[in-house]
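This report is meant for someone meeting the structure for the first time, and it moves from the contact between the chains to the sheets.

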Amino acid sequence: MDIGSRNDAVPLCSTAFVINGQQFTLELHPWVTLLDLLRGALELSGTKKGCDHGQCGACTVLIDGERINACLKLAVSLDGARITTIEGLGSPESLHPMQKAFIEHDAFQCGYCTPGQICSAIGLVSEGRVHSRADIRELMSGNLCRCGAYTNIADAIEDVMGQGRNQIREAAE
Amino acid sequence: MRPFSYTRAQTVQAAVQALASDPQAVLLAGGTNLIDLMKYEVERPGAIIDINRLPLNFIDDLPDGGIRIGALVTNSSVAHDERVRTRYPLLASAILAGASPQLRNAATTGGNLVQRTRCYYFYDPATPCNKRQPGSGCAAIGGVNRIHAILGASDSCIAVHPSDMCVALAALGATIEVEGPAGRRDIAFSDFHRLPGDRPELDNTLQSGELVVAIRLEPNHFAVHHTYLKLRDRLSYAFALVSVAVAVELSNDRLVDVRVALGGVAHKPWRDRLVEAEFAGVVADEEAFQKLAERLLSGAKGHGGNHFKIPLAAKAIVRALKQATSGRLQDQAAKSVQ
Ligand SMILES: Cc1cc2nc3c(=O)[nH]c(=O)nc-3n(C[C@H](O)[C@H](O)[C@H](O)COP(=O)(O)OP(=O)(O)OC[C@H]3O[C@@H](n4cnc5c(N)ncnc54)[C@H](O)[C@@H]3O)c2cc1C
Ligand code: SF4
Ligand code: FES
Ligand code: FES
């Protein structure tokens, strides 16, 4: 697969990773970010591009279970990684508990920030460092919401955390 | 982004060699600063050397009771390491005051040290900037300079170093281990970052081909009386306008050893050991703190938009010293004092 603008002077880099449980081996130009790879050639457009500069969190995905900003990662640097995007968390028939809680708590309006919020929230839960509502707000501060759904987002996360940490961790895997 | 070639270094020696032999090459760690700057074409490397596979992801105890943190340990892993939390809580607190959880998961110890300024003009290739393009001028002097330096600036550049982690490391007096074509050497933390002078393009004293391998911290008596106070435009996910790292050793209400490092005010984390020494043995009260703040800021100079930082820094120093000496540390989640 040839991804990115053509430039024959620079060799393509063979890169292998698992995305949402599926194995990929791709020939990539080194300047393609994970975010552009996901949204472009792989047609996984659930992950959103807000700022493209690490300032909004819309592009949050899980790499080996940890939340990061996909806009600031070169895809080639992730050789060997296991990547989970919003598409890999649940399906309309069988939603991830975090997805369900976001719906139940009305935790979005336009929905643009939501895939990033949900991936971030799942990363947050598995980190296991939340002891208070203030912790949820602080540890979700890397995800901006222009619609200001913050209160309901925190409610949804609190709800899921109340349901038991282990269940969430298993569902994320 | 401009096209570049990409290689993964497998050993520190190979990375050093690749870096030293190609003036167009740069190191890639977490990428959170470098990739951002490449998108703006502020950085235009011809070659990227990915150092993420190097064996520099360790936190080791040292025989003297100190600690050694590898250059590739992420900011999150440092901040949440049990040894760092108990023995160097000031460092953990400063890291958690910075960026966002996602960014801290990617950002590395080495990258945080070497990250570049957030000066708006540095980021905008359409404007003059001596740091980005030596000799082109400084658009911040006489321009919008709300976030700029009040201490140690020059006529060439008034940028500040943006790191929170480094302010704590300055107070704690870390040592930086680097490896270059000539082998390994240690750099004292206060000698690592530079003041701009007439060479603002140089942020630090790394020589060509040198790579940060690790940082070391000595054992200390600051785990009880310390605080990292960060003031910014919003409570989270924003760079410091002014920050203060304080580490104090107290005996019978007197200051035995007091260290005050300032962030957001200069081209490097700002510390003045001579001023600190003047306060050894002094009773730890508000009057002393105010005097110390005055002394630390005696050379402060505003540039218009950033005048407010001078009184802000004075108040922040006093508050941080009060918090530290009373053992009430700054809670980086609730933003309150415990
Ligand atoms: C939106 C946003 C908000 C942020 N907010 C804050 C904040 O509030 N406080 C704060 O402190 N920081 C903040 N940061 C900055 C962040 O901490 C840095 O981007 C990060 O620490 C850089 O580490 P990295 O590993 O990603 O470095 P990279 O981007 O990989 O590299 C940065 C530079 O360091 C060099 N480098 C990397 N490793 C080494 C090494 N071992 N030896 C020599 N050179 C090396 C690279 O060549 C490059 O020049 C923020 C960043 C963003 C994008
Ligand atoms: S302050 Fe420094 S970084 Fe900013 S425009 Fe001036 S020279 Fe460039
Ligand atoms: S798109 Fe990555 S942080 Fe905004
Ligand atoms: S729901 Fe619209 S940006 Fe968050």
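Across the interface of chain B and chain A there are 3 salt bridges, a salt bridge being a side-chain nitrogen of Lys or Arg within 4 Å of a carboxyl oxygen of Asp or Glu. The side chains of A:Asp52 and B:Lys39 meet in a salt bridge, at 2.8 Å from N to O.

The model is a predicted one, in which local features need pLDDT of at least 70 and side-chain atom pairs count only at pLDDT 80 or more, while totals for chains, interfaces and linings use all residues. Residues are numbered from 1 along each chain as its sequence is written, chains are lettered from A and ligands numbered from 1 in the order in which they are written, and side-chain values use heavy atoms, with hydrogens and water left out.

**The contact between the chains**

Chain B gives 35 residues to the contact and chain A gives 35 residues, where contact means heavy atoms within 4.5 Å. About 2800 Å² is buried between chain B and chain A, and carbon and sulfur atoms give 55% of that area; buried area is the accessible area (1.4 Å probe) that two parts lose on being put together, summed over both. Of the area that chain B buries against chain A, 23% is supplied by B:Lys39, B:Gln102 and B:Tyr237, more than any other three residues.

Helices (H or I, at least four residues) and strands (E, at least two) are DSSP runs, numbered from the N terminus. On the side of chain B that touches chain A, the elements giving two or more residues are β1 (5–8), α2 (34–39), β3 (47–50) and α6 (101–106) of chain B, and the largest share, 6 residues, comes from α6(B).

**The two sheets of chain B**

Two strands count as paired if DSSP finds at least two bridges between them. The table sets out two open sheets of chain B, with the average turn between neighbouring strands, direction ignored; axes are lines fitted to C-alpha atoms, for helices over the stretch in contact, and angles run from 0 to 180 degrees between N-to-C directions.

| Strand order (chain B) | Pairing | Average turn |
|---|---|---|
| β9-β10-β11 | antiparallel | 10 degrees |
| β4-β5-β8-β6-β7 | antiparallel | 25 degrees |

In the sheet of 5 strands, β4 (59–61) and β7 (183–188) of chain B stand at the edges with a single partner strand each, so one side of each has no neighbour in the sheet. β4(B) is joined to β5 (67–70) of chain B by 3 bridges, and B:Asp60 has B:Arg68 in β5(B) as its bridge partner.

In the sheet of 3 strands, the edge strands are β9 (225–231) and β11 (254–263) of chain B. β10 (242–251) of chain B pairs with β11(B) over 9 bridges, and B:Ala247 has B:Arg259 in β11(B) as its bridge partner. Helix α8 (165–172) of chain B packs on this sheet, touching β9, β10 and β11 of chain B, and its direction makes about 150 degrees with that of β11(B). Helix α12 (309–325) of chain B lies across β9, β10 and β11 of chain B, running at about 35 degrees to β10(B).
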